[in-house]
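Grab a pencil and work through these exercises at your own pace. Each one sets a task and then walks you through a solution.

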Protein chains: 2
Amino acid sequence: MRFEVTILGCGSAVPTLNRSASAQYVNVLERHLLIDCAEGTQLQLRRYKAKFQKIDHIFISHLHGDHFLGLVGLLSTFHLLGRTRPIRIYAPEKLRDIIDLTLHGFNNKLNFEWQLRNLNFKNKELIFEDNLIEVHSFPLKHRIDCCGFLIQEKERERNIKKDKILEHNISLADIPDLKRGADFTANNGDVISNAELTEDPLPARSYAYCSDTMYSDATIVAVRNVDVLYHEATFTSDLASRAKKTYHSTAKQAAEVAAKAEVGKLVVGHYSARYKELDKFEEEISPVFSNYVLAEDGLKIKL
Amino acid sequence: MRFEVTILGCGSAVPTLNRSASAQYVNVLERHLLIDCAEGTQLQLRRYKAKFQKIDHIFISHLHGDHFLGLVGLLSTFHLLGRTRPIRIYAPEKLRDIIDLTLHGFNNKLNFEWQLRNLNFKNKELIFEDNLIEVHSFPLKHRIDCCGFLIQEKERERNIKKDKILEHNISLADIPDLKRGADFTANNGDVISNAELTEDPLPARSYAYCSDTMYSDATIVAVRNVDVLYHEATFTSDLASRAKKTYHSTAKQAAEVAAKAEVGKLVVGHYSARYKELDKFEEEISPVFSNYVLAEDGLKIKL
């Protein structure tokens with residue numbers, strides 16, 4: 001059951017030839033999601049062989065250009081490639097007019113519908129769910145309204161041990177209750193405990209995306225115990241005052257959020273274009289939080 | 001005296017990993033111009049080592065996304081890299097609101113001024129000139145308002161033969177008249193013909209950009225005798241009806257325009273993404289016009 005994140009761009013406001021600006025493609029149980037959509041995202045999706053025609057949900061964290069300027073181009077390409085399936089966009093409300101006006105420049109109507117759901121910048125909110133996954137947005141602390149996103153599998157039902165079905169002559173009709181944890185009463189009146197019949201399901205996995213943001217205790221609450229946390233690390237600590245002024249984080253602060261939130265793994269990215277090498281990021285993170293990885297374009301993270 | 005065109009993107013509406021969408025960088029006598037600005041142009045400028053911080057004039061042919069969606073990102077990058085010099089944009093008027101609204105999403109004012117001059121879609125018009133060059137726009141025939149651009153050196157003054165200055169004791173004050181073709185009257189009253197004193201200047205060079213357009217006799221008039229013509233060739237002739245329907249040209253039609261306009265060299269591009277190989281383009285063009293080149297991303301054309 002796949003849950004995989006592909007980093008499409010790990011750079012920040014000024015894209016470079018090695019680091020595109022922010023975008024991530026998430027395949028979670030064959031739901032195909034795009035988080036942020038910087039200029040050039042449609043080519044990054046091709047480059048890293050994402051199933052980009054299957055994307056049905058696009059989450060835009062905020063309206064700095066390095067997080068959304070590729071969106072109209074992507075919608076246009078969907079249209080030209082014959083898409084008819086609707087698409088849902090979760091973004092700041094202002095984006096609606098930007099998309100409308102830009103497409104109006106084209107004098108062209110898309111072949112498919114797009115809907116935009118405004119994000120809540122005050123509180124955590126469930127913005128999408130189906131039978132298998134949930135997506136929440138939660139406020140980040142940036143210069144302009146900005147949200148992080150939390151993508152979670154729903155708790156799965158218990159797994160029934162196959163040999164017990166035969167052993168106790170369990171009927172199909174009984175199975176849904178057992179999967180939800182009920183005990184089983186056999187024809188002879190014996191009660192067999194659920195624990196004997198079933199196994200714990202695989203734990204529900206979770207991924208949180210936090211870009212762009214300065215260090216914030218609220219983020220720690222929002223991402224507590226996630227399996228993988230992507231947290232921006234625009235600067236190293238020698239530029240901590242610049243990070244604060246621009247509402248960004250240092251690598252050390254990203255590690256502190258990961259440690260305090262007790263996440264499974266930390267991925268950092270959104271590096272300022274001034275950093276060619278990332279050694280200093282490693283030096284800052286490793287003493288604070290050991291299970292980390294430095295994002296690079298094309299990196300795939302399996303949960 | 002450099003006059004060089006760099007093809008930044010030779011693809012059409014759907015960009016691919018091998019062919020970006022439309023943009024060209026022109027260095028004409030150290031005037032740095034950008035023609036069209038598709039998504040990803042700022043990276044193509046870096047990739048092909050254009051002096052992109054020196055660009056002062058941006059010409060946008062029309063408002064299909066593959067010709068302008070990289071503009072706001074480029075302006076944003078200029079801003080972030082500290083630009084303060086103003087920039088002039090020549091484009092359909094609607095683009096003004098698109099830029100304004102998109103930048104407003106950023107909540108950010110650029111450090112430099114930008115001015116937009118609306119194009120004339122009815123008649124050829126001089127849209128920029130300085131002491132050395134002129135740029136005209138001229139209408140193309142496309143689904144929406146669209147202009148081509150003609151970039152020309154001004155006629156240069158005549159070159160004075162250095163040995164004649166000493167021989168006839170010509171003063172500095174006389175030189176401007178001689179450069180403009182006047183004869184010289186020596187102190188003794190002798191008249192020396194200009195032809196004896198000067199040589200023809202190098203001919204003024206010219207470049208025309210025609211994308212997007214269907215075949216049009218008006219184009220032939222507009223680009224007559226240019227040294228280099230870039231003409232779109234979205235399709236091959238087997239798709240001539242599709243070319244007509246979408247207001248594009250076939251490779252053969254591009255060659256016909258070049259031949260009838262008696263240009264020096266033809267460059268074709270704006271290929272539909274369906275063409276992986278370009279052999280059929282060569283087959284169509286070569287019988288009609290021999291001095292041609294097929295554009296590819298990064299190609300530099302020296303005039």
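To compare two copies, we superpose them by least squares on the C-alpha atoms of residues with pLDDT of at least 70 in both. Keep in mind that this is a predicted model.

**Exercise 1. Get a feel for chain A: how many helices and strands does the chain have, and what share of its residues is buried?**

Step 1. Count the elements: chain A comes to ten helices and 18 strands.

Step 2. Look at the box around the chain. Along the principal axes, the C-alpha atoms of chain A fill roughly 75 × 55 × 35 Å.

Step 3. Check burial: 46% of the 303 residues of chain A count as buried.

Step 4. Now the contacts. Of those in chain A with a separation of 6 or more, 64% are between residues 24 or more positions apart.

**Exercise 2. Work out how chain B is placed relative to chain A: what turn and what shift lay one on the other?**

Step 1. Start with the general idea: two copies of a chain are related by a rotation about an axis and a shift along it.

Step 2. Put in the values. A turn of 180 degrees and a shift of 0.1 Å along the axis lay chain B on chain A, with an RMSD of 0.1 Å.

Step 3. Draw the conclusion: the two copies are therefore related as by a two-fold rotation axis.

Step 4. Find the axis in the model. In chain B, the nearest C-alpha to the axis belongs to B:Gly40, at 2.7 Å.

**Exercise 3. Describe the contact between the chains: which element of chain B gives the most to its side?**

Step 1. Take the totals: 31 residues come from chain B and 31 residues from chain A.

Step 2. List the elements of chain B that give two or more residues to its side: helix 1 (41-47), helix 2 (71-80) and helix 3 (94-106).

Step 3. Pick the top giver, which is helix 3 of chain B with eight residues.

Step 4. Sort the side of chain B by class, and you get 15 nonpolar, eleven polar and five charged residues.

Step 5. Compare the two sides. The copies meet through the same surface, because 100% of the interface residues of chain B are also interface residues in chain A.

**Exercise 4. Zoom in on the two copies of helix 3: do they run roughly parallel or roughly antiparallel?**

Step 1. Look at the axes: helix 3 of chain A and helix 3 of chain B come within 10 Å and cross at roughly 160 degrees.

Step 2. Apply the cut-off. Angles over 145 degrees count as roughly antiparallel, so helix 3 of chain A is roughly antiparallel to helix 3 of chain B.

Step 3. Add the handedness: helix 3 of chain A passes helix 3 of chain B in a left-handed crossing.

Step 4. Name some of the residues making this contact. They include A:Leu95, A:Ile98 and A:Leu101 on one helix, with B:Leu95, B:Ile98 and B:Leu101 on the other.

Step 5. Class the residues of this contact: six are nonpolar, four polar and four charged.

**Exercise 5. Decide whether helix 9 of chain A is enclosed or open, and say what covers its buried residues.**

Step 1. Find the buried residues in helix 9 of chain A, among them A:Ala251, A:Lys252 and A:Val257.

Step 2. Weigh the count: seven of the ten residues of helix 9 (residues 251-260) of chain A are buried, so the helix is largely enclosed by the rest of the structure.

Step 3. See what does the covering, which includes helix 7 (217-222), strand 15 (228-232) and helix 10 (279-285) of chain A.

Notes. Residues are numbered from 1 along each chain as its sequence is written. Chains are lettered from A and ligands numbered from 1 in the order in which they are written. This is a predicted model: local features need pLDDT of at least 70, side-chain atom pairs count only at pLDDT 80 or more; totals for chains, interfaces and linings use all residues. Two residues are in contact if their C-beta atoms, placed from the backbone, lie within 7 Å. Helices (H or I, at least four residues) and strands (E, at least two) are DSSP runs, numbered from the N terminus. Ala, Val, Leu, Ile, Met, Phe, Trp, Tyr, Cys and Pro count as nonpolar, Asp, Glu, Lys and Arg as charged, and the others, Gly among them, as polar. A residue is buried if 20 or more other C-beta atoms lie within 10 Å of its own, exposed if 12 or fewer, and partly exposed in between; C-beta atoms are placed from the backbone. Axes are lines fitted to C-alpha atoms, for helices over the stretch in contact, and angles run from 0 to 180 degrees between N-to-C directions. Angles under 35 degrees count as roughly parallel, over 145 as roughly antiparallel, 65 to 115 as roughly perpendicular and the rest as oblique. A crossing is left-handed if the near helix is turned anticlockwise from the far one by less than a right angle, and right-handed if clockwise.
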